[in-house]
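Trainee: Could you take me through a close look at the aromatic rings in this protein, and at the charged residues too? I am new to this, so please go step by step.

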Amino acid sequence: MGALRIGIVGCGRIAGNHAHALQRVPGVEVVGCCDPDLDRARAFAAAHGIPHAAWSVDELLTFGLDACTVCTPHPVHEEVVLAAATAGVHVLCEKPIAVDVAAADRMIEAADRAGITFGVLFQRRFWPAARRIKAAIDDGTLGTPTLGEVSVILHRPSEYYSADAWRGRWDTDGGGVLMTQAVHQIDMLQWFLGEATQVSGFIRTHTHGEHIETEDSASAVVAFASGATATITATTGANHNLGNRVTVVGPTGAIASVLEFPEGREGVNEIWTVPGELALGSPYSPDVHANLDVADVNAGLTDFHTLQVQDFADAVLTGREPAVTGRDARASLAIVAGIYESSRTGRVVDLQAAPSFVTTEKAAL
Ligand SMILES: NC(=O)c1ccc[n+]([C@@H]2O[C@H](COP(=O)([O-])OP(=O)(O)OC[C@H]3O[C@@H](n4cnc5c(N)ncnc54)[C@H](O)[C@@H]3O)[C@@H](O)[C@H]2O)c1
């Protein structure tokens, strides 16, 4: 087989990571990109040496693609994945998979029916520190965790929300800090702890209410089929960015964490208390500039986009499952949607009953 011919759908901020990542992977050729803002698509194509620019997915698909990557706002993911599946084109979609679980199910079903490879981008799973925890869980060094903790304490200036009209609105963004930022750490949590069964939580808008209608802060509790429980704390309203941390406690009491600080930098095992392997450290210091621009955060993630693109290309070529499947990505979305539902209703949400995400009701929170 010749080079894998890949197109990029959506030419905004994160698309640059995709172009760089795809162009680093041997056996992959980026043949086109598209954006309804055709000038943006053309400028992106010129900047990255991509031969074709188009204004629609349908036009992009005429360039004879084997696969595409999806870098559009969240609610647009579904229509792109369905169009790709219908055309028999493999697809690697940015997180979150979608903004409601029913949409995720339609995407997974369409991909299954078409027999295409469908992956979802959660590149933080490729950090060696995250893989070390997963391996220690799987090989019994740590064992199946009994407790988990997600901490997403981020700074976003108000311009982050005011610059893009789609951000922070239920209909165009599908959620706030949980849907856009913390979904990465929620994905990692359920990768470590297994199937989540129940959630309970509260969402609030404390800091950015002038620009957004979705939540900028959330607290939640999750129960897992294993018997484990976990907490989630998330905000984009902090004045100092403390980054993202996922911590697990194993059945012997041993603790392992992966910390991303500053945001966008490779995660490290900040805490590791497996007997005989004790390591504790903190990167926090007043000398570290933590409130990075989002472009800088994204740039720091490119190496891990590259590893996931490499995994996806190999999955397409060998017919195996990609590292993060549509079903994996549905699991983190279900937790996020369940927290929204719990906050709206004041009840514990049973995730096996597939929480739906009804934007009009959520806007009334
Ligand atoms: N994995 C990560 O770390 C990471 C980081 C940032 C963003 N993301 C995800 O990437 C996606 C895009 O985010 P962004 O920050 O680049 O947004 P953005 O607003 O900068 O870019 C989105 C682009 O999609 C285009 N678009 C809209 N509808 C389209 C359509 N129907 N077809 C083609 N293009 C369309 C827009 O015109 C825009 O250029 C989101 O899902 C986001 O959550 C992931």
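Mentor: Here is a walk through ring pairs, charges over rings, and two charged residues. Keep in mind that this is a predicted model.

Let's start with the rings. Searching the whole structure turns up 4 aromatic pairs. One of them joins Trp 170 and Tyr 340, whose ring centres are 5.2 Å apart with 90 degrees between the planes, an edge-to-face arrangement. This pair brings together distant parts of the chain, 170 residues apart. Trp 170 lies in the loop between helix H7 (158-162) and helix H8 (177-193), while Tyr 340 belongs to helix H11 (residues 326-345). Are these two rings buried or exposed? Trp 170 has a relative accessibility of 3%, so it counts as buried. Tyr 340 is buried as well, at 1%.

Now compare a second pair, Phe 261 with Tyr 284. Their ring centres are 4.6 Å apart and their planes meet at 70 degrees, so this pair is edge-to-face; the angle needed for that label is over 60 degrees. Here the partners are 23 residues apart, and again the pair links distant parts of the chain. Phe 261 sits in the loop between strand E12 (255-260) and strand E13 (271-272), and Tyr 284 in the loop between strand E14 (279-280) and helix H9 (294-300). Phe 261 is buried at 8% relative accessibility, whereas Tyr 284 is partly exposed because its relative accessible area is 29%.

Rings can also have a charge over them. The charged end of Arg 131 is placed over the ring of Phe 126, 4.6 Å from the ring centre. Likewise, Arg 156 has its charged end over the ring of Tyr 160, at 5.1 Å from the centre.

Next, meet Lys 95, in the loop between strand E5 (90-94) and helix H5 (101-114). Which side chain of opposite charge is nearest to Lys 95? The answer is Glu 94, 5.6 Å away, and Lys 95 has no salt bridge although it is buried. The Lys 95 side chain does reach the backbone oxygen of Thr 180, at 2.7 Å. Lys 95 also touches several residues beyond its sequence neighbours, among them His 74, His 77, Phe 122 and His 184.

Finally, look at Arg 204 in strand E8 (residues 196-204). With 42% relative accessible area, Arg 204 is partly exposed. Beyond its sequence neighbours, Arg 204 touches Glu 215, Asp 216, Ser 217 and Ser 343. From Arg 204 to Gly 88 the C-alpha distance is 41 Å, and the two are 116 residues apart in sequence.

Key: Residues numbered from 1 in each chain as written. Predicted model: local features only at pLDDT ≥ 70, side-chain atom pairs only at ≥ 80, totals over all residues. Heavy atoms only, no water. Phe/Tyr/Trp six-rings, centres within 6.5 Å; stacked < 30°, edge-to-face > 60°. Helix = DSSP H or I, 4+ residues; strand = E, 2+ residues; numbered from the N terminus. Buried < 20%, exposed > 50% of the residue type's maximum accessible area, 1.4 Å probe, protein only. Lys NZ or Arg CZ within 6 Å of the ring centre and 35° of its normal. Lys, Arg positive; Asp, Glu negative; His and termini not counted. Salt bridge = Lys/Arg side-chain N within 4 Å of Asp/Glu carboxyl O. Polar contact = N/O pair within 3.5 Å; in protein donor to acceptor, adjacent residues only side chain to side chain. Contact = heavy atoms within 4.5 Å. Lists of a residue's contacts leave out its neighbours within four places in sequence.
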